[in-house]
Amino acid sequence: MRRELELISVAADAFANELDFRGLLIEIAKHAREILRADKVVVYSNIDNHLKAEVELPASKSETAGNDDAAWCVCHLKPKVSDTHAIPDVRNSLCVPMVSTQNRVLGIVEARNKRTGGSFNDHDVRVATCLARVASSAVDRARLFYRMEEWKQSMETLLSFNATINQHLEPPEMVRELVVNVAGFLDAAGGAAGIVIHTESGRMVQSDGFYFDGRWHPLERQWKSKEGIPGIVLETQFPFLIDDYKTNPLADPLLRTLDIGSCICVPIKNADEQVLGFFSLYRRVGD
């Protein structure tokens with residue numbers, strides 16, 4: 001136990017001095033492998049509920065195979081020990097989540113094959129949990145620095161977009177670019193955008209898709225003034241916020257089937273305060 005405490009203390013110092021996100025995950029893998037006496041350690045990131053194997057130590061030539069236990073840990077916020085694995089050469093594994101103070105799973109540390117030949121036990125679980133708690137604050141901070149750089153790039157894009165949008169709103173791909181950048185800036189799950197068109201029956205808002213889970217999906221919609229969320233924004237010229245998207249009568253029926261908890265719709269205006277279009281952002285349930 002004294003050895004483990006000393007090793008965790010050394011790991012904590014290393015984590016505190018590493019601000020690079022990937023560099024930190026490598027440090028976590030290196031210290032976890034030594035402390036847990038494992039043949040191999042895989043560290044996963046968990047961004048927008050998508051697990052990704054970021055670091056494998058020692059690295060192999062083939063692509064890192066995932067573990068269902070890692071997904072289980074994300075759902076249950078608890079470590080899990082298994083004596084079976086999808087990979088034939090893996091005898092046993094121990095997965096432990098790195099959980100933030102807001103109970104968000106930032107990533108998973110997976111130790112594979114205990115070097116002593118036995119299985120991972122309750123003591124290993126306690127040690128791994130302690131290491132994960134020490135690592136979680138460093139991961140949260142490193143992700144913040146990583147996102148700050150993304151936000152900086154997004155702000156530059158938004159400023160450039162703003163200068164262009166005040167001149168013209170063609171092509172519609174411009175508003176799509178706005179959605180992608182703002183969604184990344186605010187860590188949203190997705191969004192949509194549309195432009196104002198003029199028809200015989202008056203002004204309408206038109207959209208041809210929505211952005212969710214990192215890609216665009218086709219969805220053609222038109223709203224008259226006061227019709228649907230974009231129509232409300234067109235009429236009032238003010239942002240419109242919904243806390244519970246699934247139960248709101250103005251929500252799009254198709255989008256209600258997705259994991260959307262809240263939504264905000266914002267008008268896009270020119271220098272003369274005329275509404276040229278809208279963009280909306282979605283957050284997942286619980287975010």
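Helices and strands are taken here as runs assigned by DSSP, numbered from the N terminus. In this predicted model, helix α3, formed by residues 68–76, lies across the strands β1 (38–47), β2, β3, β4 and β5. The helix runs at about 35° to β4.

The strands crossed by α3 can be placed within a sheet. Five strands form an open sheet in the order β2-β1-β5-β4-β3, and their pairing is antiparallel. The edges are occupied by β2 (50–57) and β3 (80–82), each of which pairs on one side only. On average, neighbouring strands of this sheet are turned by 20° against each other when direction is ignored. In general, the strands of a sheet pair through backbone hydrogen bonds, in either a parallel or an antiparallel manner. Within this sheet, β4 (residues 93–99) and β5 (residues 105–114) run antiparallel and are joined by 7 bridges. For S93, the bridge partner in β5 is R112.

A second helix, α6, spans residues 228–236, and 7 of its 9 residues are buried, so the helix is largely enclosed by the rest of the structure. Residues count as buried when their relative accessible area is under 20%. The buried positions in α6 are G228, I229, P230, G231, I232, V233 and L234. Their covering includes the strands β6 (190–199), β7 (202–212) and β8 (215–224), together with β9 (240–242), β10 (262–269) and β11 (275–283). Helix α6 is followed by Q237, a residue with a positive phi, near 65°.

Key:
Residues are numbered from 1 along each chain as its sequence is written. This is a predicted model: local features need pLDDT of at least 70, side-chain atom pairs count only at pLDDT 80 or more; totals for chains, interfaces and linings use all residues. Side-chain values use heavy atoms; hydrogens and water are left out. Two strands pair if DSSP finds at least two bridges between them. Helices (H or I, at least four residues) and strands (E, at least two) are DSSP runs, numbered from the N terminus. Axes are lines fitted to C-alpha atoms, for helices over the stretch in contact, and angles run from 0 to 180 degrees between N-to-C directions. Contact means heavy atoms within 4.5 Å. Buried means under 20% relative accessible area, exposed over 50%, partly exposed in between (1.4 Å probe, protein chains only).
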